[in-house]
Amino acid sequence: MPREAIFGPDVEPPEMPPENKVELTLDEERALRPQRMFEMVGQRDVYDRIEIAIQAARKRKEPLGHILFDGPPGLGKTTFAMCIPRELGVPFQIGNGATLRAPKDLVPYLTNAEEGSVLFIDEIHRMQKAVEEFLYPAMEDFRIDLTLGEGVNARTLNIHLKPFTLIGATTRTGLISAPLRDRFQMREHLDFYTNEELSEIIHRNSDKLNVEITNEASHEIASRSRGTPRLANNRLRWVRDYTDAREDGRITLDIAKKALEMAGVDIVGLDAQDRKYLDTILRVFQGGPVGVEAVAHTMNVAADTLIDEVEPFLLRSELLVRTPRGRIITVNGIRHMGGDPRNCLNAGQNFIF
Ligand code: ADP
């Protein structure tokens with residue numbers, strides 16, 4: 001997530017001594033990520049199904065079936081994917097769909113995969129078609145077909161792989177082709193977390209960060225974290241820094257509010273980018289309907305960023321609707337932005353004023 005989204009465009013992030021800046025951030029990031037499944041909060045249905053699949057695979061001494069996770073960023077796809085091999089006690093490798101441009105990029109991962117091990121491919125929807133097709137026999141029959149040479153001299157070499165588990169993660173399940181989707185035995189959708197679940201994550205992580213926090217303060221941070229653990233963690237760390245710098249080191253409701261306001265995070269958790277998106281639709285496009293590309297051009301950001309990072313929560317919280325004619329800001333959205341629904345052409349047409 002962009003730094004402005006955490007800190008707001010005009011707010012300087014707190015300074016740390018340069019020599020331990022990166023190390024501290026990475027260490028903290030790692031320290032906050034659950035290492036085992038029992039440390040994970042929420043997503044109980046998904047958790048239970050995965051736990052059963054793991055137990056069954058262990059009992060049968062067989063590799064776990066392939067799993068596809070989908071859902072907006074920051075909800076725990078990578079965390080699940082990294083906890084599963086630890087539960088199974090097997091090695092794992094991590095790849096990214098965006099860097100798998102040709103089948104040869106995938107070969108080392110597949111040939112290195114040990115029996116029962118896990119291969120995690122993040123952003124699997126970004127894999128090239130040729131790579132995807134190359135993956136089919138690997139997933140189904142643990143075999144790859146390599147073509148050596150060209151023209152009349154070309155030969156096909158079948159390589160047998162050790163049975164492994166593929167875990168894919170995507171923010172865009174709609175971009176995954178049906179043949180690839182169907183090759184995953186389990187397809188799990190991760191949804192936004194409740195404020196209670198986020199509050200529990202914040203409490204646990206404030207312990208890890210060695211900072212005291214009141215219940216009201218953790219609820220406040222949770223309710224401004226858009227149902228997303230990654231944002232809850234980022235916001236907690238910002239409030240912790242604010243408290244260390246300006247206050248006595250204990251996070252109270254008042255401090256949490258002040259720190260989040262300073263970072264440009266509003267009462268429902270929208271940050272500067274979210275509000276700019278709603279404001280662009282409201283002001284420039286009279287509330288919509290408007291295509292996401294037009295909004296992206298006007299804001300000078302990638303449409304993918306809006307689709308992946310901004311829209312899911314706005315849609316979920318009914319500040320925005322997606323129609324065949326384009327995006328429309330809802331009456332709630334207009335009011336949240338301080339506008340008057342009567343000034344919009346189409347906005348809120350399906351809603352009672
Ligand atoms: P994704 O892969 O879906 O983008 P991640 O798995 O990287 O999301 O999650 C982002 C961060 O949120 C993790 O580093 C972790 O600290 C936290 N997190 C995610 N899911 C959970 C969970 N179920 N319980 C506790 N913390 C979580």
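These are my notebook entries on a predicted model of one protein chain, kept in the order in which I looked things up.

**Entry 1. The whole chain**

I began with the overall picture, and I found 15 helices and 11 strands in the protein chain. Taken along the principal axes, the C-alpha atoms fill a box of roughly 70 × 50 × 40 Å. The chain has 353 residues, and I noted that 47% of them count as buried. I then looked up how far apart in sequence the contacting residues lie: among contacts with a separation of 6 or more, 66% are accounted for by residues 24 or more positions apart.

**Entry 2. Helices H5 and H6**

I turned next to pairs of helices, starting with H5, which covers residues 103-112, and H6, which covers residues 129-141. Their axes are 9 Å apart and the two helices pack at an angle of about 30°, and the crossing in which H5 passes H6 is right-handed. On the H5 side I listed Pro103, Leu106, Val107 and Leu110, and on the H6 side Ala130, Val131, Phe134, Leu135 and Ala138. When I sorted this contact by class, I counted nine nonpolar residues, with no polar and no charged ones.

**Entry 3. Helices H9 and H11**

For H9 (residues 215-223) and H11 (residues 253-262), I read that the axes come within 7 Å and cross at roughly 25°. An angle under 35 degrees counts as roughly parallel, and H9 and H11 are therefore roughly parallel to each other. H9 contributes Glu216, Ala217, Glu220 and Ile221 to the contact, while H11 contributes Leu253, Ala256, Lys257 and Leu260. By class, I noted five nonpolar and three charged residues in this contact, and no polar ones.

**Entry 4. Helices H12 and H14**

The next pair was H12 and H14, which pack at an angle of about 85° with their axes 10 Å apart. That angle makes H12 roughly perpendicular to H14. The residues that meet here are Gln273, Asp274, Tyr277 and Leu278 from H12, and Thr305, Leu306, Val310, Glu311 and Leu314 from H14. I divided the contact of H12 with H14 into five nonpolar, two polar and two charged residues.

**Entry 5. Glu311**

Since Glu311 is one of the H14 residues in that contact, I looked at it separately. Glu311 lies in helix H14, which spans residues 303-316. Is Glu311 buried or exposed? I found a relative accessible area of 0%, so Glu311 is buried. I then checked for a polar partner, and the side chain of Glu311 makes a polar contact with the side chain of Arg327, at 2.8 Å. Leaving out residues up to four places away in sequence, Glu311 touches Tyr277, Val292, Leu306, Leu320, Arg322 and Arg327.

**Entry 6. Backbone details in loops**

I went on to the loops and looked for particular backbone angles. After H14, in the loop that leads to strand S10 (320-323), I came to Glu318. Glu318 is not a glycine, and yet it has a positive phi of about 60°; with a relative accessible area of 51%, Glu318 is exposed. Lys61 also has a positive phi, near 55°, and is likewise a residue other than glycine. The place of Lys61 is in the loop between helix H3 (44-60) and strand S1 (67-70), and its relative accessible area of 75% makes Lys61 exposed.

I also looked up the peptide bond from Gly288 to Pro289, which is cis, with omega near 5°. Pro289 itself sits in the loop between helix H12 (272-283) and helix H13 (292-299).

**Entry 7. Two glycines**

My last entry concerns two glycines. Gly174 is in the loop between strand S6 (165-170) and helix H7 (178-182), and at 69% relative accessibility I recorded Gly174 as exposed. Measuring from C-alpha to C-alpha is how I placed Gly174 relative to Asp70: the two are 104 residues apart in sequence and 9.8 Å apart in space.

Gly249 is in the loop between helix H10 (229-246) and strand S9 (250-251), and with a relative accessible area of 23% Gly249 is partly exposed. Which residues is Gly249 in contact with, leaving aside its neighbours within four places in sequence? I listed Val211, Glu212, Thr243 and Asp244. From C-alpha to C-alpha, Gly249 and Val41 are 26 Å apart in space, and in sequence they are 208 residues apart.

Conventions:
Residues are numbered from 1 along each chain as its sequence is written. This is a predicted model: local features need pLDDT of at least 70, side-chain atom pairs count only at pLDDT 80 or more; totals for chains, interfaces and linings use all residues. Side-chain values use heavy atoms; hydrogens and water are left out. Axes are lines fitted to C-alpha atoms, for helices over the stretch in contact, and angles run from 0 to 180 degrees between N-to-C directions. Helices (H or I, at least four residues) and strands (E, at least two) are DSSP runs, numbered from the N terminus. Angles under 35 degrees count as roughly parallel, over 145 as roughly antiparallel, 65 to 115 as roughly perpendicular and the rest as oblique. Contact means heavy atoms within 4.5 Å. Ala, Val, Leu, Ile, Met, Phe, Trp, Tyr, Cys and Pro count as nonpolar, Asp, Glu, Lys and Arg as charged, and the others, Gly among them, as polar. Buried means under 20% relative accessible area, exposed over 50%, partly exposed in between (1.4 Å probe, protein chains only). A polar contact is a pair of N or O atoms within 3.5 Å; within protein, one must be able to donate a hydrogen and the other to accept it, and residues adjacent in sequence count only if both atoms are side-chain atoms. A crossing is left-handed if the near helix is turned anticlockwise from the far one by less than a right angle, and right-handed if clockwise.
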